[in-house]
Amino acid sequence: MATDAGTSTEPKAALARADGDLLALTHIYTATLVLGIGALFGVLQGYSRANFIVMPPAFDYYRMLTAHGVLMALVFTTFFITGLFTYMTYRSIPRARSTILGWTGYWTMLFGTVMTTVTILSGNATVLYTFYAPLKASPFFYFGATFLILGTWCVAGDVALNIRWWKRSNPTQKTPLPAFIAACTMLMWVIATLGVVAEMGLLIPWSLGWTSGIDVSLTRMLFWYFGHPLVYFWIMAAYAIWYTIVPATYKGAVFSDALTRVAFVSLLLLSTPVGLHHQYLDPGISAGWKWLHTVTTYGVVIPSFMTAFAIFASFEIAARKAGVRGFWNIVRRLPWKNPVFAGPALGMLLFIPGGFGGIVNNSYAMDVLVHNTMWIVGHFHITVGGPVALTFIGAAYGLVPALSGRKLYAPKVALVQVYTYFVGMSIMSTAMHWAGLLGSPRRTSDVTYFGANGAATWHPEMVWAAVGGSLVAISILMFVIVATGTFLADRHPANTPAFAFAPTDEEAMPTPPALDRLGRWGLVALALAVLAYAGPVVQQLQAHAYLAPGMRTW
Amino acid sequence: MQIHLHRAERLWLICGLAMLVAFLATITTAAVVDGFVPPSRVQSIDPTKVSRTPPFDHPGLRKVGEGAYEAYYVARVFSFSPATIEVPAGSRVTFYVTSTDVEHGFSIPETGVNTMVTPGWVSQVSHTFRTRGTFLLVCNEYCGSGHQMMAAKVEVK
C-alpha cells in the first residue's frame, strides 16, 4: 500500500520533496525547542510544589505555570503534529507540489507563538492556558493564540489540497492511509478550533476595551468545546504513529486499512460533542446536559479499544509470520532497543492506566472527588505527557534522520532517554494521582494553608512528584541534545536512513469507499457538535444576561 | 457499507462495550435513585450587586431544621466570607456560593464538597458532616496572585 515513494528521478519532484522535508523538519525542530523550554518551567514548578524553592515575585509560579501549560499543551504538540501530518501527506502522495501554503502556515504559527510567549513571560497574561474570563490578559495574548490557530488552518488546507489532487488523479483508488489519517485529524481540528476562534472573537474586542463586558459562562463553554477535542488531536496524532510508523520497526503491517479508517472517522465524529465533561461542576448547566456528554464521552472510548486491539494484533501477526509464538516470545521479539519503537511502545503502556483514568474522570458525579485536584494533573501527564509525548519523541528519532538525511547523533543516549522518561513520568504521575485523591488542589503555588492538618498529608507525594519530574526533565534534556547534535554534527550516511510507512496486512478486508468521503463525515461531525451544544448554550443565554468587566488579579 | 470484524476483535469490543454500559448504568441509577448528580444549580445573580442581594448581603450559616443548615458564602479575591462556620456533628449543610469577581473553586478535601464558582451564578452543594474536626475549605481554581491564600474553615463539633 502506501509506502515511501522516494524513488522519483524527476529533478522538479526531487526539489519539491526536499522543500517538503525541510518544512516538516522545521516544524519538528520548533516543537523540540519548545519542549525543552516547557520542561524547564515544569521541573521548577515541581520543586515549588515540593517546597524546595520559592519562585521570586518578579517571575512567579503562576506566570511560569501559564508558560508551561501554553508551551506544552498548545505549542509543542501543535507544531509536532502539523509537522508530522505534513510529512505523512507529502510522503504518501508523491508529486511535484508548491509548499507556499505550508510555509505560510508555519510562519503564521510561529509569529503567533512568539507574540503569546513574550506576552506571558512579560507578566501581562498570567491567566493559565485555559484563560478563563473575566481574568483579562493583554490583547497580544489572544491575538497570538489566534494566529497560532489560523496557521494550523493553513496546514489543514494544504493537506486538503493534496487529498483533492490525489482524488482527481486517481479517481478509482482510495486515499493513501497516512494522508487519510492526516486529513481526518486536521478536519476534526478545524471543527474543534471553530469554538476557540469564536471565543477569541468575544475576548479580543473586550480586551481592547471595545466592549465593556464578557459572558463568562459562554466563553467557558466555547473553550471546552475546543478543549476536549484538543486532547483528541494529540491522541489521534499518536495513533497515527502507532498505526502507520511503529509497525515498520518490527517488519509488521497495519492490522486493517478499513478498521483504521473506521477508528479515525469515529474519533472525528465523537471528539467534539463531549466537552461538558470538563464542566461537570459548573453552575448554570443542568445535570441532564452533563449526563448527555457523559454518554458521548463513553462513546469516544470505543475507537481507542479498536486501536488497542489493532496494535496488539499487528504485533502478533508479525511474530507469527516469523514463526514466533507465545506471549513472552512475541514481546521479546519486539525491537526494544530501537527508540523509534521503544518510545511509542512505552507510551502505549502508560496509556493503559491513562485511558482508564479518563473513564474515571468522565464518571459524572464522581468527578467531585477529583475535579481541580492534583489527580487531574496526574491524568494529563500520564496521557499527553506520557503516551503522546513519548510517541512524538520516539518518532522524532526516526523522522529527523529521514527528513534531514543526517545520521542520528548518540543513538544510545536516545535509547536511554525514552526509558528514563518512562520511569520518571510513571513516578511523577502516580504521586500526582495520589495527592489528588487526598484532596490536594491543582494550580496552586503553595498548598500548606498556614499549616492546616489535612494539607500536611499532601507533602510527601509532592516530593515524589518532584523526583519523577527531575527524571523527566533530564530525559527531555537528553532528547534536545540528541536532536541538536544530529543537526550540528551534520554527518550524512551514504544512504538516507530508511523510514517508511508500514504496509497494510494483505489478508485484511477491502476498504468500503464510503469511509474515504471525509467531507461528508465532517458535516456529520459538525451536526453532532451542534446537537450536543445547542441545548446548554440556549439554557445559558436564556437564564443569564450578565456581562463581566475584565480583571487583572495578578 | 460492509465491515467484517475478526472474531477475536468482535469479542474484545463486546466486552469493552459491556463495561461502558455497566458504568453508565451504575452512574445513571445513582443519579436517578439517589440523586447523586454533579452540582448543577441554574440560578443567575448580578455579581456587582451581591452585597445588596439577599441572602448574600449577610453571608453565613442559617439553621433551617433539626440538624439541617444552609450556608451562604461569598467568594472574592482572595477570601471566603464567612471565614469560619461551626456545625454539630451529623449536620447536613447545603452550601450556596457566589463570586463577586472572577472564577473561583469551592472545595472541602476528603468530603464530596467541590464546585466551581462562576461570577453571575449561584452554586449549590450539600454534605452531611459525620466526623468531628476542622475541615479545610479551599479555592481550587486559579484566581490570581493570592490564590494559594484563599481558604476558610468548617468546624464540626
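Mentor: Before we start, helices here are DSSP runs of H or I with at least four residues, strands are runs of E with at least two, and both are numbered from the N terminus. This is a predicted model, in which local features need pLDDT of at least 70 and side-chain atom pairs count only at pLDDT 80 or more, while totals for chains, interfaces and linings use all residues. Residues are numbered from 1 along each chain as its sequence is written, chains are lettered from A and ligands numbered from 1 in the order in which they are written, and side-chain values use heavy atoms, with hydrogens and water left out.

Trainee: OK, so where is Ile376(A) found?

Mentor: Ile376(A) belongs to helix α12 of chain A, which covers residues 374-404.

Trainee: And is Ile376(A) buried or exposed?

Mentor: Ile376(A) has a relative accessible area of 15% and is therefore buried, where buried means under 20% relative accessible area, exposed means over 50% and partly exposed is in between, using a 1.4 Å probe and protein chains only.

Trainee: Which residues is Ile376(A) in contact with?

Mentor: Apart from neighbours within four places in sequence, Ile376(A) is in contact with Asn361(A), Val370(A), His371(A) and Arg442(A), contact being heavy atoms within 4.5 Å. Gly550(A) lies 174 residues from Ile376(A) along the chain, and their C-alpha atoms are 28 Å apart.

Trainee: Switching topic, which residues touch the most other members of the largest nonpolar core?

Mentor: They are Phe80(A), Phe85(A), Tyr73(B) and Phe95(B), in a core of 214 residues. Helix α2 of chain A (residues 61-92) gives the largest share of this core, with 20 residues. A nonpolar core is a set of buried Ala, Val, Leu, Ile, Met, Phe, Trp, Tyr and Cys residues joined through side-chain atoms within 4.5 Å.

Trainee: What is Phe80(A) in contact with, then?

Mentor: Setting aside neighbours within four places in sequence, Phe80(A) is in contact with Ile28(A), Ala31(A), Ile241(A), Phe392(A), Ala395(A), Ala396(A) and Leu399(A).

Trainee: At what angle do α2(A) and α6(A) pack?

Mentor: The angle is about 40°, and the axes of α2(A) and α6(A) are 11 Å apart; axes are lines fitted to C-alpha atoms, for helices over the stretch in contact, and angles run from 0 to 180 degrees between N-to-C directions. The two helices are therefore oblique to each other, since angles under 35 degrees count as roughly parallel, over 145 as roughly antiparallel, 65 to 115 as roughly perpendicular and the rest as oblique.

Trainee: How do the residues of that contact of α2(A) with α6(A) divide?

Mentor: There are 14 nonpolar, three polar and no charged residues in the contact of α2(A) with α6(A). Ala, Val, Leu, Ile, Met, Phe, Trp, Tyr, Cys and Pro count as nonpolar, Asp, Glu, Lys and Arg as charged, and the others, Gly among them, as polar.

Trainee: And how far apart are the axes of α5(A) and α16(A)?

Mentor: Helix α5 (residues 177-207) and helix α16 (residues 518-543), both of chain A, have axes 11 Å apart and pack at an angle of about 30°, and they are therefore roughly parallel to each other. The contact of α5(A) with α16(A) has nine nonpolar, one polar and no charged residues. Helix α7 of chain A (residues 257-270) also meets α16(A), with axes that come within 8 Å and cross at roughly 35°.

Trainee: Back to single residues: what does Arg220(A) touch?

Mentor: Not counting residues up to four places away in sequence, Arg220(A) touches Tyr132(A), Gln279(A), Asp282(A), Glu103(B), Met116(B) and Thr118(B). Arg220(A) lies in helix α6 of chain A (residues 216-244) and is buried, with a relative accessible area of 2%.

Trainee: Where does Asp282(A) lie?

Mentor: Asp282(A) is in the loop between α7 and α8 (287-299) of chain A, and at 3% relative accessibility Asp282(A) counts as buried. Among the residues that Asp282(A) touches are Lys290(A), Pro39(B) and Ser40(B).

Trainee: Last thing, which residues does a cis peptide bond join?

Mentor: One cis peptide bond joins Pro54(B) and Pro55(B), with omega about 0°, and another joins Ser81(B) and Pro82(B), with omega about 5°. Pro55(B) sits in the loop between α1 (7-34) and β1 (60-65) of chain B, whereas Pro82(B) sits in the loop between β3 (79-81) and β4 (84-87) of chain B.
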